[in-house]
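Please examine the sequence and the three-dimensional structure shown below. The paragraphs that follow lead through them step by step.

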Amino acid sequence: MENDCIFCKIVKGDIPSNKIYEDEETFAFLDIAPVNLGHTLVISKEHFPNIYETPEEVMAHMMKTAKKVSIALKALDAEGVNVTMNNNFAAGQVVFHSHIHVIPRFTNDGFELWHGKRGYKDGEKEEIAQKIIAKL
Ligand code: AMP
Ligand code: ZN
(Lines give C-alpha, C1' and ligand atoms only; values in the text may rest on other atoms or scores of the structure.)
(Ligands and ions follow the chains in the order given, each with its own letter.)
Protein backbone atom coordinates (compact mmCIF):
# COMPACT_ATOMS: atom_id res chain seq x y z
CA MET A 1 0.00 0.00 0.00
CA GLU A 2 1.40 3.31 -1.11
CA ASN A 3 0.10 6.11 1.13
CA ASP A 4 -1.29 8.56 -1.36
CA CYS A 5 -2.18 6.11 -4.10
CA ILE A 6 -5.82 6.27 -5.13
CA PHE A 7 -5.84 2.74 -6.57
CA CYS A 8 -4.30 1.27 -3.38
CA LYS A 9 -7.16 2.94 -1.52
CA ILE A 10 -9.66 1.37 -3.93
CA VAL A 11 -8.17 -2.11 -3.36
CA LYS A 12 -8.37 -1.53 0.39
CA GLY A 13 -11.96 -0.29 0.17
CA ASP A 14 -11.08 3.16 1.56
CA ILE A 15 -12.37 4.73 -1.67
CA PRO A 16 -15.51 3.26 -3.26
CA SER A 17 -15.41 1.62 -6.67
CA ASN A 18 -17.70 -0.44 -8.86
CA LYS A 19 -15.91 -3.75 -8.50
CA ILE A 20 -16.16 -6.16 -11.44
CA TYR A 21 -13.75 -8.87 -10.36
CA GLU A 22 -11.17 -9.72 -7.71
CA ASP A 23 -8.73 -12.55 -7.11
CA GLU A 24 -5.60 -12.95 -5.00
CA GLU A 25 -3.41 -10.72 -7.20
CA THR A 26 -5.71 -8.52 -9.26
CA PHE A 27 -8.74 -6.27 -8.92
CA ALA A 28 -10.99 -4.88 -11.68
CA PHE A 29 -13.43 -1.97 -11.48
CA LEU A 30 -15.24 0.50 -13.71
CA ASP A 31 -13.26 3.53 -14.89
CA ILE A 32 -14.89 6.66 -13.48
CA ALA A 33 -14.57 8.49 -16.83
CA PRO A 34 -15.29 5.78 -19.39
CA VAL A 35 -14.43 6.04 -23.07
CA ASN A 36 -17.44 3.76 -23.55
CA LEU A 37 -19.75 2.43 -20.86
CA GLY A 38 -18.20 -0.62 -19.24
CA HIS A 39 -14.60 0.67 -19.62
CA THR A 40 -12.82 -1.34 -16.92
CA LEU A 41 -9.46 -1.01 -15.21
CA VAL A 42 -7.54 -4.11 -14.20
CA ILE A 43 -4.97 -3.41 -11.50
CA SER A 44 -2.46 -5.36 -9.47
CA LYS A 45 -3.41 -5.50 -5.78
CA GLU A 46 0.15 -4.80 -4.80
CA HIS A 47 1.44 -1.32 -5.59
CA PHE A 48 3.78 -1.03 -8.55
CA PRO A 49 3.99 2.31 -10.41
CA ASN A 50 3.85 0.92 -13.94
CA ILE A 51 5.07 -1.78 -16.34
CA TYR A 52 8.73 -1.05 -15.65
CA GLU A 53 8.52 -2.04 -11.98
CA THR A 54 5.77 -4.66 -12.16
CA PRO A 55 7.10 -8.24 -12.01
CA GLU A 56 6.50 -10.31 -15.14
CA GLU A 57 4.27 -12.79 -13.34
CA VAL A 58 2.08 -9.99 -11.98
CA MET A 59 1.79 -8.51 -15.49
CA ALA A 60 0.81 -11.95 -16.76
CA HIS A 61 -1.84 -12.26 -14.08
CA MET A 62 -3.21 -8.80 -14.92
CA MET A 63 -3.46 -9.85 -18.57
CA LYS A 64 -5.33 -13.03 -17.60
CA THR A 65 -7.84 -10.89 -15.76
CA ALA A 66 -8.04 -8.49 -18.73
CA LYS A 67 -8.99 -11.45 -20.91
CA LYS A 68 -11.74 -12.53 -18.51
CA VAL A 69 -13.10 -8.97 -18.47
CA SER A 70 -12.87 -8.74 -22.29
CA ILE A 71 -15.09 -11.77 -22.62
CA ALA A 72 -17.50 -10.54 -19.93
CA LEU A 73 -17.93 -7.24 -21.80
CA LYS A 74 -19.85 -9.19 -24.41
CA ALA A 75 -22.68 -8.87 -21.88
CA LEU A 76 -22.83 -5.22 -23.03
CA ASP A 77 -22.87 -6.33 -26.68
CA ALA A 78 -19.27 -5.15 -27.13
CA GLU A 79 -18.10 -6.05 -30.63
CA GLY A 80 -14.45 -5.65 -29.68
CA VAL A 81 -12.12 -4.38 -26.95
CA ASN A 82 -9.02 -2.24 -26.74
CA VAL A 83 -6.64 -3.57 -24.10
CA THR A 84 -4.05 -0.96 -23.33
CA MET A 85 -1.68 0.32 -20.66
CA ASN A 86 -0.23 3.81 -20.33
CA ASN A 87 3.23 3.94 -18.79
CA ASN A 88 4.91 7.18 -17.64
CA PHE A 89 3.91 10.77 -18.30
CA ALA A 90 5.07 10.67 -21.91
CA ALA A 91 2.57 7.90 -22.59
CA GLY A 92 -0.32 9.65 -20.84
CA GLN A 93 -0.16 7.84 -17.48
CA VAL A 94 -2.00 9.80 -14.81
CA VAL A 95 -2.38 7.26 -11.99
CA PHE A 96 0.95 5.70 -11.07
CA HIS A 97 -0.36 2.31 -9.96
CA SER A 98 -0.09 -0.34 -12.69
CA HIS A 99 -3.35 -0.74 -14.58
CA ILE A 100 -4.65 -2.11 -17.84
CA HIS A 101 -7.59 -0.43 -19.57
CA VAL A 102 -10.16 -2.79 -21.09
CA ILE A 103 -12.37 -0.66 -23.31
CA PRO A 104 -15.45 -2.12 -24.97
CA ARG A 105 -15.78 -1.07 -28.61
CA PHE A 106 -18.72 -0.76 -30.94
CA THR A 107 -18.77 -0.18 -34.68
CA ASN A 108 -18.73 3.59 -35.34
CA ASP A 109 -18.48 4.50 -31.65
CA GLY A 110 -16.37 7.50 -32.65
CA PHE A 111 -13.30 6.63 -30.58
CA GLU A 112 -10.22 6.97 -32.78
CA LEU A 113 -6.92 5.20 -32.34
CA TRP A 114 -3.60 6.91 -32.97
CA HIS A 115 -2.57 7.32 -36.59
CA GLY A 116 0.82 6.13 -37.77
CA LYS A 117 2.73 9.32 -38.52
CA ARG A 118 6.12 8.52 -39.94
CA GLY A 119 7.85 6.02 -42.13
CA TYR A 120 11.40 4.71 -41.84
CA LYS A 121 14.26 6.06 -43.92
CA ASP A 122 16.47 3.60 -45.79
CA GLY A 123 18.32 1.35 -43.36
CA GLU A 124 16.63 2.90 -40.34
CA LYS A 125 14.37 -0.08 -39.60
CA GLU A 126 17.36 -2.40 -39.24
CA GLU A 127 19.20 0.08 -37.00
CA ILE A 128 16.17 0.58 -34.74
CA ALA A 129 15.48 -3.16 -34.55
CA GLN A 130 19.12 -3.81 -33.57
CA LYS A 131 19.02 -1.21 -30.78
CA ILE A 132 15.90 -2.81 -29.28
CA ILE A 133 17.22 -6.36 -29.67
CA ALA A 134 20.46 -5.42 -27.88
CA LYS A 135 18.43 -4.54 -24.75
CA LEU A 136 16.37 -7.74 -24.64
P1 AMP B 1 -4.10 6.50 -16.99
O2 AMP B 1 -3.23 6.66 -15.77
O3 AMP B 1 -4.02 7.67 -17.93
O4 AMP B 1 -3.86 5.22 -17.74
O5 AMP B 1 -5.61 6.44 -16.56
C6 AMP B 1 -6.08 6.51 -15.26
C7 AMP B 1 -7.54 6.21 -15.33
O8 AMP B 1 -8.03 6.10 -13.99
C9 AMP B 1 -8.40 7.27 -16.04
O10 AMP B 1 -9.07 6.66 -17.13
C11 AMP B 1 -9.36 7.74 -14.94
O12 AMP B 1 -10.65 8.00 -15.43
C13 AMP B 1 -9.35 6.57 -13.97
N14 AMP B 1 -9.67 6.90 -12.60
C15 AMP B 1 -9.09 7.85 -11.81
N16 AMP B 1 -9.64 7.86 -10.58
C17 AMP B 1 -10.57 6.87 -10.57
C18 AMP B 1 -11.47 6.38 -9.58
N19 AMP B 1 -11.52 6.89 -8.35
N20 AMP B 1 -12.28 5.36 -9.92
C21 AMP B 1 -12.26 4.86 -11.16
N22 AMP B 1 -11.42 5.26 -12.14
C23 AMP B 1 -10.59 6.27 -11.85
ZN1 ZN C 1 -1.08 1.97 -5.44
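Among the secondary-structure elements, α1 makes the greatest contribution to the shell around ligand 1, namely three residues. The structure in which this is seen is a predicted model. Besides α1, which spans residues 6-12, the strands β2 (26-30) and β5 (99-105) also supply at least two residues each to the shell around ligand 1.

It is helpful to place these elements within the whole chain. The secondary structure of the protein consists of three helices and five strands. Read from the N terminus, the order of the elements is α-β-β-β-α-β-β-α. Taken along the principal axes, the C-alpha atoms of the protein fill a box of roughly 55 × 40 × 25 Å.

The surroundings of the ligand may now be considered. Which residues come nearest to ligand 1? There are 16 residues around ligand 1, and of these D31, G92, V94, H99 and H101 come nearest. By class, the shell around ligand 1 is made up of ten nonpolar residues, five polar residues and one charged residue.

Individual polar contacts give a more detailed picture. The side chain of H99 has an N or O atom at 2.6 Å from an oxygen atom of ligand 1. At V94, a polar backbone atom lies 2.7 Å from an oxygen atom of ligand 1. A nitrogen atom of ligand 1 is also involved, since a backbone N or O atom of I32 lies 3.1 Å from such an atom. Taken alone, ligand 1 exposes 510 Å², and the protein buries 83% of that area.

Where does ligand 1 sit? Ligand 1 occupies the largest pocket, whose volume is about 370 Å³. The lining of this largest pocket comprises 21 residues, and those lying nearest its centre are F7, F29, D31, I32 and L41. D31 thus appears in this list and also among the residues that come nearest to ligand 1. At least two lining residues of the largest pocket come from each of α1, β2 and β5. The largest share of this lining belongs to α1, with three residues. When the lining of the largest pocket is sorted by class, twelve residues are nonpolar, eight are polar and one is charged.

The second largest pocket remains to be described. About 220 Å³ of space lies in the second largest pocket. Its lining consists of V35, H39, N82, T84, N86, H101, I103, F111, E112, L113 and W114. Two elements, β4 (80-84) and β5, give two or more residues to the lining of the second largest pocket. By class, this lining holds five nonpolar residues, five polar residues and one charged residue.

A final point connects the two regions. H101 lines the second largest pocket and is also one of the residues that come nearest to ligand 1. Likewise, β5 supplies residues to the lining of the largest pocket and to that of the second largest pocket.

Conventions
Residues numbered from 1 in each chain as written. Chains lettered and ligands numbered in written order. Predicted model: local features only at pLDDT ≥ 70, side-chain atom pairs only at ≥ 80, totals over all residues. Heavy atoms only, no water. Near = heavy atom within 4 Å. Polar contact = N/O pair within 3.5 Å; in protein donor to acceptor, adjacent residues only side chain to side chain. Areas by Shrake-Rupley, 256 points an atom, 1.4 Å probe, with all protein chains shown as cover. 1 Å grid on protein atoms, 1.4 Å probe; cavity = no way out; pocket = protein on both sides within 12 Å on 5 of 7 lines; lining within 4 Å. Sits in = over half its atoms within 2 Å of the grid points. Helix = DSSP H or I, 4+ residues; strand = E, 2+ residues; numbered from the N terminus. Nonpolar A, V, L, I, M, F, W, Y, C, P; charged D, E, K, R; others polar. Points joined across faces, edges and corners; volume = space filled by probe spheres on them.
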